[in-house]
Amino acid sequence: YTRVVFMEALLDRVRASMRGLVPATEYDKVYNDECVLSFDSPFSPGGLYVSLRTYLGFGAQHVQAASMRSGETLYVHLQKRRTLRPKSDAPDAAPTKMALGVEGGFSVDGPQYDESTEAALVLMPSGERVPLPCQELPEFVSTCCQAIVTHVGAMQQRKESAVAWEAETLPSKYAEELVQLPPHKKISPDPAAWVCEESGMRENLWLNLSDGHIGSGRRQWDGSGGTNGALNHYEETKKHFPPHGFPLVVKLGTITPHGADVYSYADDENSEVTDPKLAEHLAHWGIDVMRMEKTAQSVTEMNIAANESLELDKITEAGKDLAPLTSRGYLGLNNLGNSCYVNSVLQLLFTLPEYQTLHPAAPAIFATAPSDPTGDLPSQLAKLGGALLGDRYNPGGDGAPPPPPVPEGGEEGPAPEAAVAPRMLISLVGKGHSEFSSSRQQDAAEYLAHLV
């Protein structure tokens, strides 16, 4: 009887607070996967509280203050747990292109988990709970709660767009009106006849499409590669044909009827490019693309091989018995597709005393933040400062998810990760910027200038 009376009183307070509620739709941003003022998530020990009215999520340490500021009283509490799935014996597919998170590219999938979710409707500021689903709740309130529970989170949407990246090769601006000197020689289709005109090398050779010069590729940091023959020749052409010289070269051995590796040495490109008139430009030097076969690794294949066999031992203390640093001030930032340039800048800034003051100032910043702090730069910087300079998200911290239990007969998963993903800050800083809002690689110095 006492419980019935208690539930009736609680449901009366829920009914009094339900006016103005609207179920979230697929067009709404629902922050049911990360706190807007911290990096707490449904997997954190305290779970996540999502407002039924604003769809903003708050960790256990922020929800009371948020409720008092906004007057919101109805929240869905989400508590999630992971269980590690047994590892599959099937080998991973080998990558075929320089890409992340797309078919044919490098996989970004981590360990696979099964997830369980417990949800409850919470009435603030008292903290009274109604486990979900509950048949006694008004049907409309149940619908609103279910929309919060099942919605794809705003940060998950950002994650899915960020981790998918593919190297983009654009047409060269010099290809359409490419200058070609009179064909004083014909290039043999026989690879045995190709040789660097400076060093005598017979591999990694590049043909200049403007004057027919054959030179070796760039010398790499470890002495491998070529002797810079093609690049040095380009620098000479700039002296005689200013300002751009003869910038387009094609890698011999990669020419097929379907295309070839083309590179532009021009200062305003200096990257792999495509040449829409490649067959015409090669025919000028006697090369019939329809009769050519691939005999050398493409740049993409070389990059994939280099990434697959990357020996980090050469730049780390490999073989030494090292203790990982996971204490206060040693939190990492997850790479979100191609956000390494962002992470470098943010880690640098938070070594400065001026930015370190954001950690103790966070409560005051949050108290004066606008109703939606996801669009407030001081709030998002204070959020990141609290994580980087505190110990809440280090393994075992109050906000760090516990390691998932291991299924019977399964292997243990990876060690708990001492890192957070600053998706809200990255999204805010990049908003409206054509490059920093994308998941393409960018320049760290340009990002720093944009941020500050």
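Biologist: In which sense do β1 and strand β3 (residues 74-84) pair, and over how many bridges?

Modeller: The model is a predicted one. To read a strand pairing, one takes its direction, its bridges and then individual partners. Here β1 and β3 pair in the antiparallel sense, over four bridges. Two residue pairs fix the register: V76 in β3 is the bridge partner of V50, and L48 stands opposite L78 in β3.

Biologist: Which strand do three bridges join to β1?

Modeller: Three bridges join β1 to strand β2 (residues 57-59), and these two strands also run antiparallel. In this pairing L48 stands opposite G59 of β2. The connection between β1 and β2 is a hairpin with five residues between the strands. Within that turn, Y55 has a positive phi of about 65°.

Biologist: How many bridges join β3 to strand β5 (residues 113-123)?

Modeller: There are 11 bridges between β3 and β5, and the two strands run antiparallel. One residue pair serves as a landmark: the bridge partner of R82 is E115 in β5.

Biologist: Are the residues on the two faces of strand β1 (residues 48-51) buried or exposed?

Modeller: For a strand, each face is examined in turn. In β1, L48 and V50 lie on one side, Y49 and S51 lie on the other, and all four are buried. Both faces of β1 are therefore covered, since a residue counts as buried under 20% relative accessible area. Across the protein chain, buried residues make up 43% of the 452 residues.

Biologist: Which residues touch the most other members of the largest nonpolar core?

Modeller: A core is read through its best-connected members. The largest nonpolar core has 71 residues, and those touching the most other members are L52, F58, L121, F350, L384, V420 and Y447. Helix α11 (residues 377-389) gives the most to this core, namely six residues. There is also a second, separate core of 22 residues, which includes W194, V262, L282 and V289.

Biologist: With which residues is F58 in contact, leaving aside its neighbours within four places in sequence?

Modeller: On that basis F58 is in contact with C35, V36, L37, L48, Y49, V63, A66 and Y75. For the protein chain, residues 24 or more positions apart account for 68% of the contacts with a separation of 6 or more.

Biologist: At what angle do helix α10 (residues 358-367) and α11 pack, and how far apart are their axes?

Modeller: Two packed helices are described by the angle between their axes and the distance between the axes. Here α10 and α11 pack at an angle of about 140°, with axes 8 Å apart. That angle makes α10 oblique to α11, because the roughly antiparallel class begins over 145 degrees. The crossing of α10 and α11 is left-handed. From α10, the residues L358, H359, A362, I365 and F366 take part, meeting a set in α11 that includes P378, L381, G385 and L389.

Biologist: Where is the place of P373?

Modeller: P373 lies in the loop between α10 and α11. With a relative accessibility of 4%, P373 counts as buried. Leaving aside neighbours within four places in sequence, its contacts are V36, L37, L56, S379 and Q380. The C-alpha atoms of P373 and M424 are separated by 9.8 Å, although these residues are 51 residues apart along the chain.

Biologist: How many helices and strands are in the protein chain?

Modeller: The protein chain has 13 helices and 15 strands. Among them are the elements discussed here, including strand β1 (residues 48-51) and helix α11 (residues 377-389).

Key
Residues are numbered from 1 along each chain as its sequence is written. This is a predicted model: local features need pLDDT of at least 70, side-chain atom pairs count only at pLDDT 80 or more; totals for chains, interfaces and linings use all residues. Side-chain values use heavy atoms; hydrogens and water are left out. A nonpolar core is a set of buried Ala, Val, Leu, Ile, Met, Phe, Trp, Tyr and Cys residues joined through side-chain atoms within 4.5 Å. Buried means under 20% relative accessible area, exposed over 50%, partly exposed in between (1.4 Å probe, protein chains only). Contact means heavy atoms within 4.5 Å. Two strands pair if DSSP finds at least two bridges between them. Axes are lines fitted to C-alpha atoms, for helices over the stretch in contact, and angles run from 0 to 180 degrees between N-to-C directions. Angles under 35 degrees count as roughly parallel, over 145 as roughly antiparallel, 65 to 115 as roughly perpendicular and the rest as oblique. A crossing is left-handed if the near helix is turned anticlockwise from the far one by less than a right angle, and right-handed if clockwise.
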